[in-house]
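Please look over the model that follows with its fold, its surface and a handful of individual residues in mind. The paragraphs after it take these topics in turn.

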Amino acid sequence: MFYQDRNRKTLYGGLTELGFECVMPQGAFYLMVKSPVEDAAEFCQAAKKYNILMVNGASFMAPGYVRLAYCVSYETITNSMEGFRKLAADFDL
C-alpha cells in the first residue's frame, strides 16, 4: 500500500499548497476538498474543463465538499497538478 500513501500525501500536499482546504484522509482512497464556492456542483463542473473529475460531497453526507479519488497512478496525480493550479486561479485561491 506504499503507492496509496504516496498518492495521498502528494495529492493532499499539492492541493493545500495551491490554497485548497482539504481533509487529510486516514484511510480509504478518497480526499475531501472544501469547495471554494457555496455550490459544490458548480465547482465540480468548473473542474471538468481541466479534465478533473470530482464528485459532489453532498452524495456522501459532506455538503460543501467534493470527493477526489487517489487510487490512480502516481503519474495521474502529478500530471493533474497543472489543472488544479488553473482551477485554483479560477477561484482566486
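Accessible areas come from the Shrake-Rupley method with a 1.4 Å probe, and for residues only the protein chains shown count as cover. On that basis the protein, which is a predicted model, exposes about 5,500 Å², and carbon and sulfur atoms supply 53% of this area. Of the 93 residues in the protein, 37% are buried.

The secondary structure can be followed along the chain. The protein has three helices and four strands, and from the N terminus on these elements run in the order α-β-β-α-β-β-α. The C-alpha trace spans about 35 × 30 × 20 Å along its principal axes. How does the radius of gyration of the protein compare with that of a compact globule? For 93 residues a compact globule would have a value near 12 Å, and the protein, with 12 Å, agrees with this. Contacts across the sequence add to the picture: among those with a separation of 6 or more in the protein, 62% are accounted for by residues 24 or more positions apart.

The charges can be treated in a similar way. The protein carries 9 positive and 10 negative charges, and the mean positions of these two sets are 6 Å apart.

The cysteines come next. A disulfide is a covalent bond between the sulfur atoms of two cysteines. With the cut-off that the two sulfur atoms must lie within 2.5 Å, the count comes to zero disulfides. Why does Cys 22 form no such bond? The closest cysteine sulfur to that of Cys 22 is in Cys 44, and at 14 Å it is too far for a bond. Seen from the other side, the sulfur of Cys 44 has its closest cysteine sulfur in Cys 22, again at 14 Å and too far for a bond. Both residues are nevertheless covered by the protein to the extent that they count as buried, Cys 22 with a relative accessible area of 15% and Cys 44 with one of 8%.

Strand β1, made of residues 22-23, includes Val 23. Val 23 counts as partly exposed because its relative accessibility is 44%, a value that lies between the limits of 20% and 50%. Leaving aside residues up to four places away in sequence, Val 23 touches Tyr 12, Leu 31, Met 32 and Tyr 65. Between Val 23 and Arg 67, which are 44 residues apart in sequence, the distance in space is 10 Å from C-alpha to C-alpha.

Two further residues deserve attention for their backbone angles. Met 61, which is not a glycine, has a positive phi of about 65°. This residue, Met 61, lies in the loop between β3 (55-56) and β4 (65-69), and it is exposed, with a relative accessible area of 78%. Asp 92, likewise a residue other than glycine, has a positive phi near 55°. Where along the chain is Asp 92 found? Asp 92 belongs to the segment after α3, the helix of residues 74-90, and with a relative accessible area of 72% Asp 92 is exposed. The C-alpha atom of Asp 92 is separated by 18 Å from that of Ile 52, a residue 40 positions away along the chain.

Conventions:
Residues are numbered from 1 along each chain as its sequence is written. This is a predicted model: local features need pLDDT of at least 70, side-chain atom pairs count only at pLDDT 80 or more; totals for chains, interfaces and linings use all residues. Side-chain values use heavy atoms; hydrogens and water are left out. Helices (H or I, at least four residues) and strands (E, at least two) are DSSP runs, numbered from the N terminus. The radius of gyration is taken over C-alpha atoms; the globule rule is 2.2 Å times the number of residues to the power 0.38. Buried means under 20% relative accessible area, exposed over 50%, partly exposed in between (1.4 Å probe, protein chains only). Contact means heavy atoms within 4.5 Å. Lys and Arg count as positive and Asp and Glu as negative; His and the chain ends are not counted. The place of a charge is taken as NZ of Lys, CZ of Arg, CG of Asp or CD of Glu.
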